[in-house]
Every structure is written in structure tokens, then in C-alpha cells.
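Work through these exercises with the model open. Each task is followed by a solution in steps.

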Amino acid sequence: MPEGPDPRLLDVVAEHRWGVLATVKRDGRPQLSNVGYSWDDGLVRVSVTADRAKTRNLLRDPRVGLHVTSRDFWTWVVVEGTADLTPVAADPRDDTVEELITYYRGTAGEHPDWDYYRRAMVAERRLVVRFRPEHAYGQPPRG
């Protein structure tokens with residue numbers, strides 16, 4: 001029996017950059033947010049701000065899910081894991097900003113002005129949610 005999530009499902013996550021992040025609200029219901037994400041050798045990264053509901057939810061309960069669909073909607077995957085959050089970006093040269101650059105490169109490539117980006121990440125109080133899929137389910141591509 002193979003260990004870990006089905007590689008065909010993880011391939012779907014690796015091919016895309018947009019999904020729906022699910023966290024657990026205080027009352028136990030899901031809180032869903034459309035997000036951009038990066039995939040780096042099995043690690044999912046999402047950029048969030050410190051004051052958002054999803055951030056507060058993950059600080060209280062680190063269980064997370066990411067739902068990804070294909071353009072035709074019929075191929076879809078949910079990956080679940082345990083989130084780890086970086087500290088809030090506090091300085092344009094800190095480790096969190098460096099990881100936010102890694103995230104940006106994984107979603108959009110090179111930024112036209114990295115100094116501006118670095119300052120914006122601090123001003124927006126951004127941090128990175130990251131997790132490795134522990135479980136996956138969905139409808140892989142046919143064929």
C-alpha cells in the first residue's frame with residue numbers, strides 16, 4: 001500500500017495556483033477563502049495577513065484544507081494537512097519576507113520591484129501559511 005497521498009491528486013495541486021482554503025471557525029464550521037498558493041516540492045504556501053479570520057482560525061486550530069479544481073471543473077482535489085505559520089513580516093529583510101518572495105515566485109514569477117514588494121509585505125503585516133498534504137481526495141484526471 002503506498003504511503004502518503006495519491007501522486008495523481010498531488011499533480012493536480014502542483015499544476016494550479018488558485019484554490020479555496022478551508023479553516024475551522026471557533027464554532028466548528030468551515031471558513032472558506034479563495035486564495036492563491038504556491039507548490040514547492042510538496043509544500044503548499046499561502047500568503048495571508050495577520051488580522052484575517054483564516055489566520056486567527058489557524059492559530060487556534062492548525063487543521064487546514066485546500067480545494068483545487070481544473071478549468072473544466074470535473075477534476076478536483078482536496079489536500080488536508082496541519083498548518084505552520086511564519087511570524088508576521090516585521091522588517092523588509094527578515095525570514096518571513098524571504099519566504100513571501102518564495103511564495104510570490106511560485107505563483108507569479110519575478111516581481112518588477114522587489115524593494116517595493118518587501119516594504120509592502122511589512123506594511124500589510126503578511127505571513128505565510130505552509131503545510132504538507134497529509135491526506136488527499138478528489139477526482140483525478142481521467143486516462
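Lys and Arg count as positive here, Asp and Glu as negative; His and the chain ends are left out. The model is predicted.

**Exercise 1.** Count the positive and negative side chains, and find how far apart the centres of the two sets lie.

*Solution.* Start with the counts: the protein has 21 positive and 22 negative side chains. Then compare the centres of the two sets: they lie 6 Å apart.

**Exercise 2.** Compare the radius of gyration with that of a compact globule.

*Solution.* Take the chain length: 143 residues. A compact globule of that length would have a radius of gyration near 15 Å. The protein has 15 Å, so the two agree. Next, the box: the C-alpha atoms fill roughly 45 × 40 × 30 Å along the principal axes. Now burial, with a cut-off of under 20% relative accessible area: 47% of the 143 residues are buried. Finally, the surface: about 8,400 Å² is accessible, and carbon and sulfur atoms hold 50% of it.

**Exercise 3.** Write down the order of helices and strands along the sequence.

*Solution.* Count the elements: 4 helices and 9 strands. Then read along the sequence: α-β-β-β-β-α-β-β-β-α-α-β-β. Contacts add a further view. Among those with a separation of 6 or more, 66% link residues 24 or more positions apart.

**Exercise 4.** Trace the open sheet of 4 strands and find its edge strands.

*Solution.* The order is E3-E4-E8-E7, with antiparallel pairing. The edges are E3 (38–40) and E7 (84–85), each pairing on one side only. Follow E3 to its partner: E4 (residues 43–49) pairs with E3 in the antiparallel sense over 3 bridges. Check the register: serine 38 stands opposite arginine 45 in E4.

Terms used. Residues numbered from 1 in each chain as written. Predicted model: local features only at pLDDT ≥ 70, side-chain atom pairs only at ≥ 80, totals over all residues. Heavy atoms only, no water. Helix = DSSP H or I, 4+ residues; strand = E, 2+ residues; numbered from the N terminus. Rg over C-alpha atoms; globule rule 2.2 N^0.38 Å. Buried < 20%, exposed > 50% of the residue type's maximum accessible area, 1.4 Å probe, protein only. Contact = heavy atoms within 4.5 Å. Areas by Shrake-Rupley, 256 points an atom, 1.4 Å probe, with all protein chains shown as cover. Charge placed at Lys NZ, Arg CZ, Asp CG, Glu CD. Pairing = 2+ DSSP bridges.
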